[in-house]
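Here's a short set of exercises to work through with the model open. Try each one before you read its solution.

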Amino acid sequence: MRSTATTILGAGAALALLLTACEGEGAGGGGGGGDADAAPEDMTVGVAMPTQTYERWLQDGGNIEEGLEDLGYTVDLQYADDDIPTQSQQIDQMITQEVDALIVASIDGSALTSQLDAAAAAGIPVIAYDRLLTNSEDVDFYVTFDNYEVGVNQARSLLYGLGILDENFDEADDAPEGPLNIELFAGSLDDSNSHHFWQGAIDTLEPYLEDGTLEIPSGQDTIQQAATQRWEQETAQERMENLLTTHYSGDTELDGVLTPADPLSRGIITALRNDGQGPTIEEGMPIVTGQDAEIASISLIEQGIQHSTIFKDTRLLAEEAVRAAEAYLQGEEPEPNDTETYDNGEIVVPSYLLDVEMVLQDNYEEILVDSGYYTEEQVESGQL
């Protein structure tokens, strides 16, 4: 069913970035941050990742490190264990040690302004990685996915699972009249992507909420009410348990949960199972969405427990980050494919956006196994 899974931005994700000498602001200035005459082995790239708790950040960090080292660069890769002071200190140290470029996946995109100021003063270009660095003009480039469309796809997958949309994501001929009961979860409010995910999903669900096809029994329909601080699985599980106890203790049945990330999905599924629901969708498990195609969730999708996830190929994202860094290190600049979307409060950050794909039980093999992202054995075990 890959042909019906929504793919964003065409084939541009696999293409190499063209290097240009276009004008730029931010830490690297108009001519990039590197010395075009310096050899790669004489340059170091600082890579700041938020946490090792999420499977994907381990993969991101490893892929970036491998890509840069293959080109001959030295890499200083640091994980901050979701602690903002730790990440700030790590980046401060990288600047003090005079790295030649920075790639930063922030914990809180607004918490690093002093580090960005210092990088600018030192002439170090800064590449924001999949989380926008905000409230600073000293951000040179952003590599990410089309995050609004992630939310659109999450909502579409929920509507498909509920039978409201068909496999082509058109209105289903035999769609239920409703009302169908759903609950909404969002990511961490200090992650700018959470707001893009939420808006894409809400814009897609809103017509069905307005016409009564969907209802939210808890009434918790704002991102502030639905937010999950630090994307913690336990927090999502606890909130789902509270929702079930408070709003579903009688005859009210839960039909679906909009969930923005796989760890949250697994926490929610645990709460639902503990409530006696499921264990599979066919046996009554509500439709639960996700994101990041983590192996544990792909295994649940294969088993018919979790309904869907959004695959963001972080191998390609790491490649784009490496290409952007290399451009700056060679005294040039990477070319964006989006110069309008990501306003960080001070500037619109030139960005490169990558494709996303919806993963369902009947297309996970084609998207993830056939492409070599996972093996069938890993899917069966739910472990890498």
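**Exercise 1.** Work out whether Ile-287 is buried or exposed, then find its place and its contacts.

*Solution.* Start with the accessibility: Ile-287 comes out at 6% relative accessibility, so it counts as buried (buried means under 20% relative accessible area, exposed over 50%, partly exposed in between, with a 1.4 Å probe and protein chains only). Next, the place: Ile-287 sits in strand β10, residues 287–288 (helices are DSSP runs of H or I with at least four residues, strands are runs of E with at least two, and numbering starts at the N terminus). Now list the contacts, meaning heavy atoms within 4.5 Å. Skipping neighbours within four places in sequence, Ile-287 touches Leu-158, Gly-161, Leu-162, Asp-255, Gly-256, Val-257, Ile-281 and His-307. As a last check, go to Ser-194, which is 93 residues away along the chain: the two C-alpha atoms are 21 Å apart.

Some ground rules: this is a predicted model, with local features needing pLDDT of at least 70 and side-chain atom pairs counting only at pLDDT 80 or more, while totals for chains, interfaces and linings use all residues. Residues are numbered from 1 along each chain as its sequence is written, and side-chain values use heavy atoms, with hydrogens and water left out.

**Exercise 2.** Describe how α1 and α10 cross, and say which residues meet there.

*Solution.* First get the geometry: the axes of α1 (residues 55–70) and α10 (residues 314–329) come within 9 Å and cross at roughly 40°. Axes here are lines fitted to C-alpha atoms, for helices over the stretch in contact, with angles from 0 to 180 degrees between N-to-C directions. Then classify: α1 and α10 are therefore oblique to each other (under 35 degrees is roughly parallel, over 145 roughly antiparallel, 65 to 115 roughly perpendicular, the rest oblique). Finally, pick out the residues: from α1 you get Arg-56, Gln-59, Asp-60, Asn-63, Ile-64, Gly-67 and Leu-68, and from α10 Thr-314, Arg-315, Leu-317, Ala-318, Val-322 and Ala-325.

**Exercise 3.** Do the same for α2 and α3.

*Solution.* The axes of α2 (residues 84–96) and α3 (residues 113–121) come within 10 Å and cross at roughly 10°. That makes α2 and α3 roughly parallel to each other. On the α2 side, the contact uses Ser-88, Ile-91, Asp-92 and Ile-95, and on the α3 side Gln-115, Ala-118 and Ala-119.

**Exercise 4.** Find the two cis peptide bonds at Pro-179 and Pro-279, and the loops that hold these prolines.

*Solution.* Begin with the background: most residues other than glycine have a negative phi, and most peptide bonds are trans. Gly-178 and Pro-179 are joined by a cis bond with omega about 5°, and Pro-179 lies in the loop between α4 (147–161) and β7 (180–184). Gly-278 and Pro-279 are also joined in cis, with omega about 15°; Pro-279 lies in the loop between α8 (262–274) and β10.

**Exercise 5.** Asp-82 and Ala-293 each have a positive phi. Where is each one, and how accessible is it?

*Solution.* Take Asp-82: phi is about 60°, the residue is in the loop between β3 (74–79) and α2, and at 24% relative accessible area Asp-82 is partly exposed. Now Ala-293: phi is about 50°, its loop runs between β10 and α9 (295–302), and at 0% relative accessibility Ala-293 counts as buried.
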